[in-house]
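Here is a quick tour of one protein, told through a handful of residues and the contacts they make. Keep the structure open beside you as you read.

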Amino acid sequence: LYLETKLRISGHGAKGDNIYEFEIEFLEPVEPKPVCRVTQRQLNITVQKKESNWWERLTKQEKRPLFLAPDFDRWLDESDAEMELKEKEEEKINKMKIESRVPKDPFKHLKKGYLIMYNLVQFLGFSWIFVNMTVRLFILGKDSFYDTFHTISDMMYFCQTLALMEIMNSLIGLVRSPLIPAIVQVFGRNFVLFVILGSLEEMQSKPVVFFIFYFWSITELFRYPYYMLSCIGIEWKPLTWLRYTVWIPLYPLGGLAEAVCIVQSIPIFSETGKFSLGLPNPLNVTIQFPFVLQIYLIALFLGLFVNFRHLYKQRKHHLGPKKRKMK
């Protein structure tokens with residue numbers, strides 16, 4: 001029971017046989033709603049003063065009640081309270097000084113809105129690719145492998161062209177992602193999509209196209225939602241785990257599928273001579289594009305190593321054991 005200056009408590013004992021009660025009349029008025037917390041050993045009641053000032057004593061009666069004893073672990077005299085208040089004020093002032101030194105970005109909300117929209121659009125695009133390919137796989141079975149490019153290519157062109165913005169975002173400091181891994185991934189995928197698959201009709205009906213698109217889309221189903229939620233300061237632990245775990249099997253499989261695609265395209269480029277530089281030409285040199293693809297295969301696996309190393313560090317940072325600070 002609460003009155004403006006009184007707190008009265010009554011209740012049964014542990015066995016439920018005896019009734020216990022007491023009443024405290026405070027020196028000055030207190031807030032009407034005390035906070036109660038019941039534990040296995042005790043009942044904790046926090047009573048807030050109405051006005052934040054120093055009391056000469058706790059109760060209105062000068063003589064302390066027999067049942068009332070101070071907890072010296074939490075005891076503060078007037079000088080301690082003033083010192084604690086002073087420290088809090090100094091901490092608040094220091095924080096304000098630090099914040100005032102950091103220049104405010106007038107485009108902060110605009111940048112955040114752009115990043116949210118970018119990640120949302122990419123997520124929707126790759127979701128459409130994944131769902132479309134999965135439905136076709138269940139309905140058509142293996143037959144869906146052979147016309148994946150003609151069904152999915154337009155959306156994949158859009159998503160991978162838009163992905164060039166990830167390099168720009170890192171370059172101008174919109175995101176904290178390192179520039180090199182972004183370049184490796186975006187240009188690696190676009191090379192396979194535009195140069196290999198987009199230029200050779202013979203490659204567009206190969207089953208390997210299905211696996212390339214499928215591995216790419218599954219990876220992005222978790223990456224873009226994670227980045228989108230990060231923009232608004234939300235971290236969902238299952239999504240974080242998926243973001244930094246699914247790449248472990250998918251990146252090697254995707255890299256292998258890309259390598260198979262390049263190997264299958266080499267005889268076609270050799271036969272057609274497409275993108276090869278023959279004589280006569282202003283440079284007076286011969287450059288065979290199949291040889292360039294062989295060099296690119298080496299660069300592909302080096303790029304995979306760069307991204308593997310980057311993602312492993314990120315996974316260790318986000319999912320590894322947290323280091324405890326020494327007191």
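## The overall build

Of the 327 residues in this protein, 32% count as buried. Bear in mind that this is a predicted model. The protein has 10 helices and four strands, and if you read along the sequence you meet them in the pattern β-β-β-β-α-α-α-α-α-α-α-α-α-α.

Then there's the question of how far along the chain the contacts reach. Take the contacts between residues at least 6 apart in sequence: 66% of them join residues at least 24 apart.

## Two buried residues on helix α7

Let's start with R223, which sits in helix α7, residues 208-231. Is R223 buried or exposed? With a relative accessible area of 8%, R223 falls under the 20% cut-off, so it counts as buried. Leaving out neighbours within four places in sequence, R223 is in contact with E166, Q185 and R243.

T219 also has its place in helix α7. Its relative accessible area is 6%, under the 20% limit, and therefore T219 is buried as well. Which residues does T219 touch, not counting those up to four places away in sequence? They are R189, L250 and Y251.

## R223 and Y224, side by side

R223 has dealings with Y224 too. The two side chains are joined by a polar contact of 3.0 Å. On top of that, the charged end of R223 sits over the ring of Y224, 4.6 Å from the ring's centre.

You'll find another arrangement of this kind at R243, one of the residues R223 is in contact with. Here the charged end of R243 sits over the ring of Y244, 4.8 Å from its centre.

## Rings against rings

How many aromatic pairs does a search of the whole structure find? The count is 22. One of them brings us back to Y224: the rings of F126 and Y224 have their centres 6.1 Å apart and their planes at 15°, so this pair is stacked. F126 lies in helix α2 (residues 108-140) and Y224 in helix α7, so the pair ties together parts that are 98 residues apart in sequence. Both F126 and Y224 are buried.

F269 and F275 make a tilted pair, with 5.9 Å from centre to centre and 35° between the planes. Why do these two partners fall into separate accessibility classes? F269 has 0% relative accessibility, so it counts as buried; F275 is at 46%, which lies between the 20% and 50% cut-offs, so it counts as partly exposed. Elsewhere, F130, F145, F210, F211, Y214 and F215 form one aromatic cluster.

## The second largest pocket

Now for some empty space. The second largest pocket has a volume of about 1,200 Å³. Its lining is made up of 37 residues. Which of them lie nearest the pocket's centre? Those are V175, R176, S177, Y227 and S230.

Several helices contribute to this lining. At least two residues each come from α2, α4 (164-171), α5 (179-197), α7 and α10 (289-319). Two of these helices are familiar by now: α2 carries F126, and α7 carries its ring partner Y224. R223 and T219 have their places in α7 as well.

Technical notes:
Residues are numbered from 1 along each chain as its sequence is written. This is a predicted model: local features need pLDDT of at least 70, side-chain atom pairs count only at pLDDT 80 or more; totals for chains, interfaces and linings use all residues. Side-chain values use heavy atoms; hydrogens and water are left out. Buried means under 20% relative accessible area, exposed over 50%, partly exposed in between (1.4 Å probe, protein chains only). A polar contact is a pair of N or O atoms within 3.5 Å; within protein, one must be able to donate a hydrogen and the other to accept it, and residues adjacent in sequence count only if both atoms are side-chain atoms. Contact means heavy atoms within 4.5 Å. Rings of Phe, Tyr and Trp (its six-membered ring) pair if their centres lie within 6.5 Å; planes under 30 degrees apart count as stacked, over 60 as edge-to-face and the rest as tilted. A charge sits over a ring if NZ of Lys or CZ of Arg is within 6 Å of the ring centre and within 35 degrees of the ring normal. On a 1 Å grid over the protein atoms alone, a cavity is a set of points where a 1.4 Å probe fits but cannot get out, and a pocket is an open set with protein on both sides within 12 Å along at least five of seven lines; lining residues have an atom within 4 Å of a point. Grid points are joined across faces, edges and corners, and a volume is the space filled by probe spheres set on the points.
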